[in-house]
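Please walk me through the ligand sites of this model, beginning with the metal.

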Amino acid sequence: MKKVIFDTDIGIDDAMALLFLHHAPDVDLIAITTGFGNASVSNTTRNALYMKELFNMSAAVYAGAATPVGSALGEGYADFVHGKNGLGDIPITTPMCEAEAMPAAEAIVELVRANPHALSVVAVGRMTNLAMALALDPELPSLVKELIVMGGVFGYNGHRGNVSPVAEANIAGDPLAADRVFSSGIPTTIVGLDVTAETVMNEAYIDQLRQTAGASGEFIYQISRFYFGFYEKIIGKAECPIHDASAVAYLLRPDLYNTEAAVVRVATEGIAMGQTIHDSTRRVFATDDWRDLPTCNVCVGVDAPAVLAFYLSTLSEL
Ligand code: BDR
Ligand code: CA
């Protein structure tokens, strides 16, 4: 059984990832920590509480960062992708349950300390809560079992950024936080656009989920209307990449991905702000910026049909 903290800016595809964790038999989801990004932190926290109640989840919800630790590329929330409420503007009732009093970064430290070497963190929003947790407890890297991040893009499989030609949204929203986390030594796997954009749900797939995955399938169908509309506008096809659920897929089935160990740095300013830049050569360059730092696992390839089948079968309890 994997004990998991889900750090998220829920979010349509975050909600898909949360349902993946919820249905996975080998996962004990102990906490959902929220942050700004797809919507304000008050909306993402409300969305977490709403889903907790709707799907009867036991995980505690902790509200986190409202703003980045450094400068961000771009302003505002991604409401044109996820709707104003973050869940595709489906009607949402006010949840009865409340977030815990402890802020997310403190909760991450406390939970990791209480479960040394036993906690997996799946982070699918800005790295802000994690950077704040690292500032609170510099020993965290030796205590976290693994961190799986949806974020970044390295150019594998022909993929480029989604907020600039080189930057992906979760990293661009707080590049400094991401740079600190990737250089921290936490055992980290980065599941970037290189593989998430390879793994695509179309309408036929969503229909199948709707038919076989009960209340979860219906919920995904409802929230995905807005998301599909967004992608139809930008790529001309009603389909969407499985971004955040890919991090969960890696957590449960790392064999479905190819990875490469590399030092990863993030550009924190200038026109390349938010770019994730990796070096696996260990060459001596004119700069020391990649030298003698811990490596991350960067996902460079994926068995996309297997990930799609795995997601469907987990939610459908087939
Ligand atoms: C990432 O950005 C957010 O909009 C999604 O939820 C995902 O985490 C993809 O770039
Ligand atoms: Ca997200």
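What spacing do the donors of the calcium ion (ligand 2) follow along the chain? The spacing is D-x4-D-x109-V-x119-D. The model is predicted: local features need pLDDT of at least 70 and side-chain atom pairs pLDDT 80 or more, while totals for chains, interfaces and linings use all residues. Residues are numbered from 1 along each chain as written, chains are lettered from A and ligands numbered from 1 in written order, and side-chain values use heavy atoms, without hydrogens and water.

The calcium ion is coordinated at 2.3 to 2.8 Å by Asp-9 (OD), Asp-14 (OD, listed twice), Val-124 (O) and Asp-244 (OD). Donors here are N, O and S atoms within 2.8 Å of the metal (3.2 Å for Na, K and Ca); water is not among the atoms, so sites may look incomplete. Asp-14 in helix H1 and Val-124 in the loop between strand S4 (119-123) and helix H5 (128-136) are 110 residues apart, so distant parts of the chain are linked. Helices (H or I, at least four residues) and strands (E, at least two) are DSSP runs numbered from the N terminus.

Asp-14, Val-124 and Asp-244 are also among the residues around ligand 1, where a residue counts if one of its heavy atoms lies within 4 Å. A polar side-chain atom of Asp-14 lies 2.9 Å from an oxygen atom of ligand 1, and one of His-82 lies 3.0 Å from a ligand oxygen. Val-124 places a backbone N or O atom 2.9 Å from an oxygen atom of ligand 1.

Conventions
Polar contact = N/O pair within 3.5 Å; in protein donor to acceptor, adjacent residues only side chain to side chain.
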